[in-house]
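User: I'd like to learn how to read a model like this one, feature by feature. Could you take me through it?

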Amino acid sequence: MEELQREAGPTIATAGSKVPHFFVYLAVVVSTFIAASPAAHAQVGTNSDVILIDGGAPSHPFPHFWEKMFGSGRAILSLRDSYRRDLREVKQITDFQYVRFHAIFHDEVGVYDEDSQGRPVYNFSYVDQIYDGLLANGVKPFVEVSFMPKKLAARDILHAFWYKQNISPPKDWGKWDDLITAFTKHLVDRYGSDEVATWYFEVWNEPNIDFWAGDPKQPSYWELYDHTARAIKAVNPRLRVGGPATAQAAWADTFIQHCAQEKVPVDFVSTHVYGNDRAQDVFGTDENIPRDKMVCRAVKKVHDQIRSSSKPDLPLIWSEYNASYKNEPEVTDSIYMGPWLADTIRQCDGLVDVMSYWTFSDVFEEQGVVKTPLYGGYGLIAVDDIPKPAYDVFQLLHKLGDERISVNSDSALLTRKNDGNLVLAIWNYAPPDQAGSPRTLSLRFKNTKAKVASISRVDHDHGDVHPIYEKMGSPRYPTQSQIKQLQAAAQLPAPETRELKNSELMLTVPAHGLAVIELK
């Protein structure tokens, strides 16, 4: 997204038997001495936990909602070879199914023109190349219907982004309806109704902030949505359309009310939030909600609004999220993303159908042409095909099973794969501006026949390109030799194999570290 438009241990229970006061006092003194002992801290680190891994604990289905869809740079960028290489790389590690981008109607795509008599002239040549390229790589379009072609715009109102998209309402609603009809009909004719019925059509992007110049914003967006949704459904009622695609988890409740009252078709609700959004903007409160809690707090807000509405079964598609909407290298380019993403998945499970990480690649130009490899871009892969830690994080979390099992920790996800093997993710979260401390974990296993643990990690010593990049002097334009070194540094080493001893495994996770453990 879009910096320009925003402001800135488990407990242990014992039976209630009576114990002489002297022994209670002695136990307190001894435990206090041990806790204060530097030697004890040297052995176990600054934090220590016991996590019970019980294969027989309660469980529920665990669809991989966090990796079904990704965002990307605007539509025209998908014609670039670098974009398609990154798409294939991320498809390989996540098997994601949909991609969403802005500006399919930008003038650079060439969809809309008018002749000397003011009659519409359509050209879907680039549209075909764009969507053909996605489908050829096993990814379907999540069609964001935006922005306004210049010759159809009521006014020449350009957004501040580098590619200057027009955010005006149309000058003629009849011509807008005709454009949507022609565009949708062309897609059905080219790809078939059965295929296009598996896509999604989302009306506009973040109309509640500066991506929509209609005035007043909400009623004018309702008009845009109504025209667009009805035109799409008129081509084929099986096609899926939704919105409001708002920033800051806004308008979902009033959007559903509007659609119900006006009998406007809607097949899903979509909205966005970022980890550093302000509580004032998302909830209207003065809370200080930490970065690792904001996204799922917002998801729950909209989830609850849908469930209490007149259309409680509408799917919730979170069509943009990330830890930051700013360019913060210490966040989106760093190992911080391991614990942040794992814990976001843990918290959001059961509240959302699809979450679309913004973005899969740094082939991206909202603030202009990329000037240096590691600038805090949103993507998993930096320029020059350099994977970031977030790429490795998605690769590891893809290993999780499709059944989630209860576990006595808020820093762990326990899952079961179809073959019955358990897969555990554990992490050590600390805010990006804090060094944090290592955590030593005692993993105690129950109701599993596993004998061996295969451990993969993302941390400062595994999959982090920053140490070698900084050793190079952080070059703005790395040489071909340096690029190969950075690509090699980003690759994860082979997993570590450890035997379980007495159904237990001791593991130390560094600050900002993520470990995924496959049990066999």
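**Contacts, backbone, charges and a cavity**

Analyst: Start with one residue and its surroundings: setting aside neighbours within four places in sequence, L505 touches L441, S442, L443, F445, A453, I455, R498, E499 and L500. Contact here means heavy atoms within 4.5 Å. Before we go on, this is a predicted model, where local features need pLDDT of at least 70, side-chain atom pairs count only at pLDDT 80 or more, and totals for chains, interfaces and linings use all residues. Residues are numbered from 1 along each chain as its sequence is written, and side-chain values use heavy atoms, with hydrogens and water left out.

User: Where is L505 found, and is L505 buried or exposed?

Analyst: L505 is found in strand β21. Helices (H or I, at least four residues) and strands (E, at least two) are DSSP runs, numbered from the N terminus. Its relative accessibility is 2%, so L505 counts as buried; the cut-offs are under 20% relative accessible area for buried, over 50% for exposed and partly exposed in between, with a 1.4 Å probe and protein chains only. For a sense of distance, the C-alpha atoms of L505 and V452 are 9.7 Å apart, with their places 53 residues apart along the chain.

User: How do I read a helix, say α4: what span should α4 have?

Analyst: The general idea first: an α-helix has 3.6 residues a turn, so residues three or four places apart point the same way. The expected span is 1.5 Å times one less than the number of residues. Helix α4 has 12 residues (125-136), so it should span 16 Å, and its end C-alpha atoms are indeed 16 Å apart.

User: Which residues of α4 are buried, and what do they pack against?

Analyst: The buried set in α4 is V127, D128, I130, Y131, G133 and L134. Their packing partners are α3 (81-94), β4 (98-101), β7 (140-145) and α5 (173-191). Just past the end of α4, G138 has a positive phi of about 80°.

User: What should I look for in the backbone angles?

Analyst: Most residues other than glycine have a negative phi, and most peptide bonds are trans. Here are the exceptions to look up:

- A249 has a positive phi near 55°; the residue is in the loop between β9 (241-246) and α8 (252-262), and at 1% relative accessibility A249 counts as buried.
- H512 has a positive phi near 65° and lies in the loop between β21 (504-509) and β22 (514-519); at 11% relative accessibility, H512 counts as buried.
- S146 and F147 are joined by a cis peptide bond, with omega about -15°; F147 is in the loop between β7 and α5.
- D215 and P216 are joined by a cis peptide bond, with omega about -5°; P216 is in the loop between β8 (200-203) and α7 (217-235).

User: How many salt bridges are there?

Analyst: Side chains of opposite charge can pair when their charged atoms come close. The rule is a side-chain nitrogen of Lys or Arg within 4 Å of a carboxyl oxygen of Asp or Glu, and the count comes to 33. One of them pairs R100 with E320, the closest N and O atoms being 2.9 Å apart. R100 is in strand β4 and E320 in strand β11 (316-321), so this pair ties together parts 220 residues apart in sequence. R100 is buried at 0% relative accessible area, and E320 counts as buried at 0% too.

User: Which residues share partners in a network?

Analyst: R74, R80, E108 and E365 are joined into one network by salt bridges that share partners. Within that group, E108 and R74 meet at 2.6 Å, N to O. That pair bridges 34 residues, from E108 in the loop between β4 and β5 (112-114) to R74 in the loop between β3 (69-71) and α3. E108 is partly exposed at 28% relative accessibility, while R74 is buried at 8%.

User: And what volume does the largest cavity have?

Analyst: About 40 Å³. On a 1 Å grid over the protein atoms alone, a cavity is a set of points where a 1.4 Å probe fits but cannot get out, and lining residues have an atom within 4 Å of a point. Grid points are joined across faces, edges and corners, and the volume is the space filled by probe spheres set on the points. The lining is S72, G73, R74, L77, H102, Y163, W358, F364, E365 and E366.

Notes: 1 Å grid on protein atoms, 1.4 Å probe; cavity = no way out; pocket = protein on both sides within 12 Å on 5 of 7 lines; lining within 4 Å.
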